[in-house]
Amino acid sequence: MTEPWLWWKHGVIYQIYPRSFYDSNGDGVGDIPGIIEKLDYITALGVDAIWLSPVNASPMRDCGYDISDYYRIDPVFGTEADFRRLINKAHARGLRIVMDMVMNHTSHLHPWFLSSRTTRKSPKRDWYIWHDGHRNRPPNNWQSIFGGSAWMWDEHTLQYFLHSFLEEQPDLNWRNKELRAAMYGMLRYWLDLGVDGFRLDVVNWFIKDGRFRNNPAIPGVPMLQKHIHDRNRPEMHDIMKEIRQVLDQYDERMAVGEVFTMPPGNPSLSASCLGDGADELHMAFDFSLMYRPWNARSYYRCLRRWDRSIPKEGWPCHVLSNHDQPRGMSRYGGGRDGVKRAKVAAALLLTLKGTPFLYYGEEIGMKNRHVPRGDMRDPLGKRYWPFFPGRDPSRTPMQWTGGENAGFTSGRSWLPVGVDYRDINVQSQENDRYSVYRFYKSLLALRREKTALHRGKWKPALKGRRGVLGYYREHEKNVIFIALNFIGKNRKVHIRDRGQWKVLLSTHKFRNTYFNSLEFNLSPYEATVLEKTGPLESAASPFPGTSASCPTR
Ligand code: ISL
C-alpha cells in the first residue's frame, strides 16, 4: 500500500536565513513579518516547508548560533506573537515550519552560563564543561573549529571551560541529566506551539569523551587533528534516540541533523544518525557534494556512497548550498556556463531520492558576493581575513527586484546586496521562461506531481563516464528517467529500454517529445526528464522549463 504523503519525506524544504530574506521595517535586517509578507512567493515556488536559521534571542556573536534565551524570539526578528502568526499563516497555506536548534552550546550570556561561571557550587556549574587543566595548561589538545585551543581559562572560578566554537559559545554538558531534561522540555514548548520540526546544529558534537583524552594528530597536517574524542562519540546516539522519542509524541514532526566533520562529508557517520531508520533522527545532512568539483563521475560516486549508507528504513536528504558554504552557483563557475550548470544541479537535486533542501536565492541562481572587510559580520571572516572571506558572501540579501537594495530593505542593508542584483532577481526571472527560477518552479511542480520522483527507488544507469549521469526513479507503474549532461559538449544517451518515453521537462528544445527507446542526443549542459508512457500521443514541442504535464504558464 502506498505510504501517505509525508511533508518532510516527500516534500521539499527551503532554508531561509532570516536576516537576509525580507526586511519589513526598514532597519536593514530581515525579519519574521518580512517572511510572512513573502509567504505567497514561497508557496508559489512550490516548496513544502521552511527552515529558519536561528531566530531565538541572541547577542549575535555568531549571527544567532549563540542563543541566550531558547524561549524568546530576538527583537531584531520580531516578537513571539510574530512567530506564532508565521506558524499560523504558513500552516494555513500548507507550509511547515522548521526551527534551527543550537543545543551543543549556548551564548556566554545565557543565564545558565552566567550562573555556571559565578561559583563552582552553582547548580548550573555542571551544565557546562569545566576542567582544572594540568599545571597551568589546558586539559588537553582539543581545538576549536574557529581556531586555537577549545579551552578558555576563567579567572573568577579558576577552571577552564570548553568552547568548540567561539569563546562566546560555551559547550553544554550533555552528560548532565537535568540539562537534557531542560532541552527536551524546550523542544516540547516549540512543538506545542506548532513548530513542525528542528534542524539540529552540529548534532554530532553534543557528547565529549568522559576522560578528556587528547585527539590524535593528522600525520603530515600540522595544526589539524582527528576529532575522535570531542565529536562523533558513540554516546551521541542515546541523545538522538531521546530526541526522537520527544518528537514521536507528536504527529508528523521531524528532526534533521547537521553532521559536520573535517574533512567534510562522511556519509556513513551521517547515516548512522538515522539509527535503524526509525529510532534516531529522521534525516541527517551529508555535505559531500558541496565539496566535490563539478564532475559527473565524482558526483555519482558521492551519491552512490550516500545511497548505500542509508539504513533500509531510513530516508536520505540532499543539499547543495547553505549559510556556511559558498553558494552552488559560485562553485559552478558563474557566467553563462555557470547558469547552465546551475540548472543541471537543480535537476539533480530535485530528481534524486531523498528530501531536497534549497537555500534561499538558489532558485534564482544567486552568487556569492565579495564583502569588503569593513562590512563583514561573520566572526570567522573577521578572524581569518584575508585568507578566508568568511561566510558573509553566501548570506547577502535576497535579490527581489532590480530596484534599490534589490527590493530587500528600504533602509541600509546589514550586508551589501549582490553586485549583480539588477540582472539576477526574482522579478525579472518570474517573467523569463528561460530563467533559473522558472526551471526550479517547473521541477518542483513535477516532483510533487510524479510519485516516482518523490517516493521512487533510485536506479543509476549512466554513472558519470564522459560527463553524463543518468538514472531511473521508479514507483509502482510510474517510471522516470533523468539524463544530466555535466559538460559543454554534445553527448549521446544510448540505453536499449523499449517502450514509449515522453519528455516531461528539459533545459533544451526537443525535436521529438516521444522516443521508442532511451536513445537520444544531449546538448551541452542539458538536463532532461522523461517518463515511460503508454502508446504514442500527439507530439507537442516542449521548450525550456516546461512540460506537457507541468506547464509553467
Ligand atoms: O562554517 C563552517 C566553515 O565555513 C563550518 O565549519 C561550521 O562551523 C560548521 O558547519 C558548523 O556549523 C554550525 O554551527 C556553527 C555556526 O557558526 C554555523 O553557522 C552552523 O551552521 C556554530 O553554531
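Which residue in S11 stands opposite Ala-217? Let me start with that small detail and work outwards, keeping in mind throughout that what we have in front of us is a predicted model. The residue opposite Ala-217 is Gln-225, and the pair belongs to a place where strand S10, residues 217-218, and strand S11, residues 221-225, run antiparallel and are joined by two bridges. The hairpin these two strands form has two residues between the strands, and within the hairpin Gly-220 takes a positive phi near 85 degrees.

I stay with S11 for a moment, since the same strand brings us to the largest pocket, where S11 gives the most to the lining, with three residues. That pocket holds about 970 Å³ of space, and of the 40 residues that line it, the closest to its centre are Ile-145, Phe-146, Phe-260, Met-262 and Leu-380. Besides S11, helix H12, which covers 379-384, is an element that gives two or more residues to this lining. Sorted by class, the lining of the largest pocket consists of 20 nonpolar, 13 polar and seven charged residues.

The second largest pocket, for its part, offers about 330 Å³ of space and is lined by 19 residues, with Val-339, Lys-343, Tyr-434, Ser-435 and Val-436 lying nearest its centre. Here helix H11 gives the most to the lining, with five residues, and by class the lining divides into seven nonpolar, seven polar and five charged residues.

From the pockets I turn to the enclosed spaces. The structure holds four cavities of 30 Å³ or more, and I will describe two of them. The largest cavity has a volume of about 90 Å³, and H11, residues 335-349, appears again, in that H11 and helix H10, residues 328-331, each supply at least two residues of its lining. Among the residues lining the largest cavity are Leu-320, Arg-327, Met-329, Tyr-332, Glu-362 and Tyr-440, and taken by class the lining holds seven nonpolar, three polar and two charged residues.

How much space lies in the second largest cavity? The value is about 70 Å³, and the residues that line this cavity are Leu-303, Trp-306, Asp-307, Pro-316, His-318, Leu-352, Lys-353 and Trp-458. The largest share of that lining, three residues, comes from helix H9, which spans residues 296-309, while the division by class is five nonpolar, one polar and two charged.

Next comes the sheet. In general terms, strands of a sheet pair through backbone hydrogen bonds, either parallel or antiparallel. In this model there is an open sheet of eight strands with parallel pairing, and its order reads S13-S12-S9-S5-S2-S1-S15-S14. At its edges stand strand S13, at 283-284, and strand S14, at 317-319, each of which pairs on one side only. Further inside that order, strand S2, residues 49-52, and strand S5, residues 96-101, pair in the parallel sense over four bridges, and one particular correspondence is that Leu-52 has Met-99 in S5 as its bridge partner. Helix H6, residues 177-193, lies across S5 and strand S9, which covers 197-200, and H6 runs at about 160 degrees to S5.

Finally, I would like to set two loop residues side by side. Is Asp-497, which lies in the loop between strand S19 (491-495) and strand S20 (500-506), buried or exposed? Asp-497 counts as buried, because its relative accessibility is 14%, and the cut-off for that label is under 20%. Not counting residues up to four places away in sequence, Asp-497 touches Tyr-472, Asn-516, Ser-517, Leu-518 and Lys-532. Lys-121, by contrast, lies in the loop between helix H5, at 111-116, and strand S6, at 130-131, and Lys-121 is classed as exposed because its relative accessible area is 76%, where the label requires over 50%.

One distance links these two parts of the talk: Lys-121 and Lys-532, the latter being one of the residues that Asp-497 touches, are 411 residues apart in sequence and 70 Å apart in space, taken from C-alpha to C-alpha.

Definitions and conventions
Residues numbered from 1 in each chain as written. Predicted model: local features only at pLDDT ≥ 70, side-chain atom pairs only at ≥ 80, totals over all residues. Heavy atoms only, no water. 1 Å grid on protein atoms, 1.4 Å probe; cavity = no way out; pocket = protein on both sides within 12 Å on 5 of 7 lines; lining within 4 Å. Points joined across faces, edges and corners; volume = space filled by probe spheres on them. Nonpolar A, V, L, I, M, F, W, Y, C, P; charged D, E, K, R; others polar. Pairing = 2+ DSSP bridges. Contact = heavy atoms within 4.5 Å. Axes fitted to C-alpha atoms, helices over the stretch in contact; angles between N-to-C directions. Buried < 20%, exposed > 50% of the residue type's maximum accessible area, 1.4 Å probe, protein only.
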